[in-house]
Amino acid sequence: MTASLLNTGILTEIAGQPIPDLARQFGTPAYIYDAATICRKIADLAAFEVVRYAQKACSNIAILDLMRRNGVLVDAVSAGEVGRALAAGYKPGQTAHPPEIVYTADIFDREALAIVVEHDIHVNCGSPDMIEQYGEALAKSRGRGRPGSLDGGRPGSPDSGRPGSVAGITLRVNPGFGHGHSQKVNTGGAQSKHGIWFEQLEECLERAARWNLTITGLHMHIGSGTDLTHLSEVCGAMERAAITIGSSIQSISAGGGLPVPYREGQQYIDIGAYHKLWDAARHRLANQFGHEISLELEPGRFLVAESGYLISEIRAIKTSGDNTFYLVDAGFNNLARPILYGAYHPMAVCPADGSAALRPVKNVVVGGPLCESGDIFTQEEGGFVASRSLPEAKVGDFLVIGVAGAYGYAMASNYNSKPLVAEVLIERGKANLVRRRQTLDDILRLESIPG
Ligand code: LLP
């Protein structure tokens, strides 16, 4: 279902399931995902031999399982995401090429360092310090004769951190420029905390060599929701960086960032043209190094955004001055993109009785239940309240927010002590509850009153 279809204003079903039935069965608010859309998006990227899902966009293990069943590998940015990948059936270890799970981050917290070593997860380092920390942790673990031990080095000796054999790492490089749908998601340039600055690669080679680590690949991700012009610039930067590292490079990753249309009139980027650019870069590098170079893509949003809908119930309709407000039972605790980035999401009304009859439209402001004035879904960057042309509605009708599959549930919170909502995956005509709604007990269980 595209943004433009939602913008006709009335939507009565999702993947063939009547919205009132979904609301009755799973309650509102709820996130509903259409598996067929995800499969279609995976197929759109068939030209790329390795597609690695950036699970931060939507990390429910049922979604990860769907990706895995459809040949998509996975990226993890935390110990928790590595754990999710394992729970969804991705295999740990680096013997497979390419590895099924890659950990990409700018730091290791202690949990992440422990889990990548324990499960032999491939590491994509976004800071020079990670090289040292990984080298040391790996050497210690191997030196103690744990599974995967290479040299039996004595822990505690000056040399204990130097295994006799070599492990591979990749580097996430900041090419010196970036671009995204908002400045908050631009991940390149000197103001970005992400990646290893492109002028520090020689130093990284030395660090890696000190720990007997080989740099086997490079990765660049300049931002989220960018455009073809900016994405294309990355190819040249990648080639320059790969030549600096040399022929140990076996793989390059173009990162994620592929935009999807949220508004009517926005276009998909030309995936064929994008692939062509990267394929050419990869072949030039293969010629230069005299061996094959594998090419990865690491999309999040592109694979899941359009599959997801946040369904909510309109609980109050009121006017303040010239503004009419539809107040729904979902808020920025469920979908934070509008308050964070002024992000636009298409919306539609589903009448309580499921009727598809067209209704007159009016300009309305759509807000949620939270005790905060920024809890408005129709806002622009900077917090300016905007209105949306939507069908006339009554309390009890449903409001559906579309293109919500990416960075929707994944960024939800318990603000105002609102429980996290249910997630439902519709696959082959069946609506499956893939995460039950949280209860207040689930929340309170973690808390205690001292004494
Ligand atoms: N790879 C890396 C290293 C990333 O940092 C990201 C996103 C991706 C891949 C996937 O990017 P995508 O293909 O989804 O654009 N919360 C924001 C987006 C933050 C993206 C963070 N990193 C939003 O709702 O727009």
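**The ligand site and the fold of the chain**

A backbone N or O atom of R301 lies 2.7 Å from an oxygen atom of the ligand, which is a polar contact in the sense of a pair of N or O atoms within 3.5 Å. The protein covers 92% of the 580 Å² of accessible area that the ligand has on its own, where accessible areas come from the Shrake-Rupley method with a 1.4 Å probe. The structure is a predicted model, in which local features need pLDDT of at least 70 and side-chain atom pairs count only at pLDDT 80 or more, while totals for chains, interfaces and linings use all residues. Residues are numbered from 1 along each chain as its sequence is written, and side-chain values use heavy atoms, with hydrogens and water left out.

Side chains also take part in the polar contacts of the ligand: a polar side-chain atom of S224 lies 2.4 Å from a ligand oxygen atom, and an N or O atom in the side chain of H181 is 2.6 Å from an oxygen atom of the ligand. Around the ligand there are 19 residues, of which H181, S224, E298, R337 and Y407 come nearest; a residue is counted here if one of its heavy atoms lies within 4 Å of the ligand. By class, this shell has six nonpolar, eight polar and five charged residues, with Asp, Glu, Lys and Arg counted as charged, and Gly among the polar ones.

The chain contains 13 helices and 22 strands, which are DSSP runs (helices H or I, at least four residues; strands E, at least two). For 451 residues, a compact globule would have a radius of gyration near 22 Å, and the 24 Å of the chain agrees with this; the radius is taken over C-alpha atoms, and the globule rule is 2.2 Å times the number of residues to the power 0.38. Along the principal axes, the C-alpha atoms fill a box of roughly 70 × 60 × 40 Å.

Some loops hold backbone features that can be listed individually. A cis peptide bond, with omega about -10°, joins T28 and P29, and P29 is found in the loop between α2 (19-26) and β3 (30-34). Another cis peptide bond joins H97 and P98, with omega about -5°, and P98 belongs to the loop between α5 (79-87) and β6 (101-105).

Terms used. A polar contact is a pair of N or O atoms within 3.5 Å; within protein, one must be able to donate a hydrogen and the other to accept it, and residues adjacent in sequence count only if both atoms are side-chain atoms.
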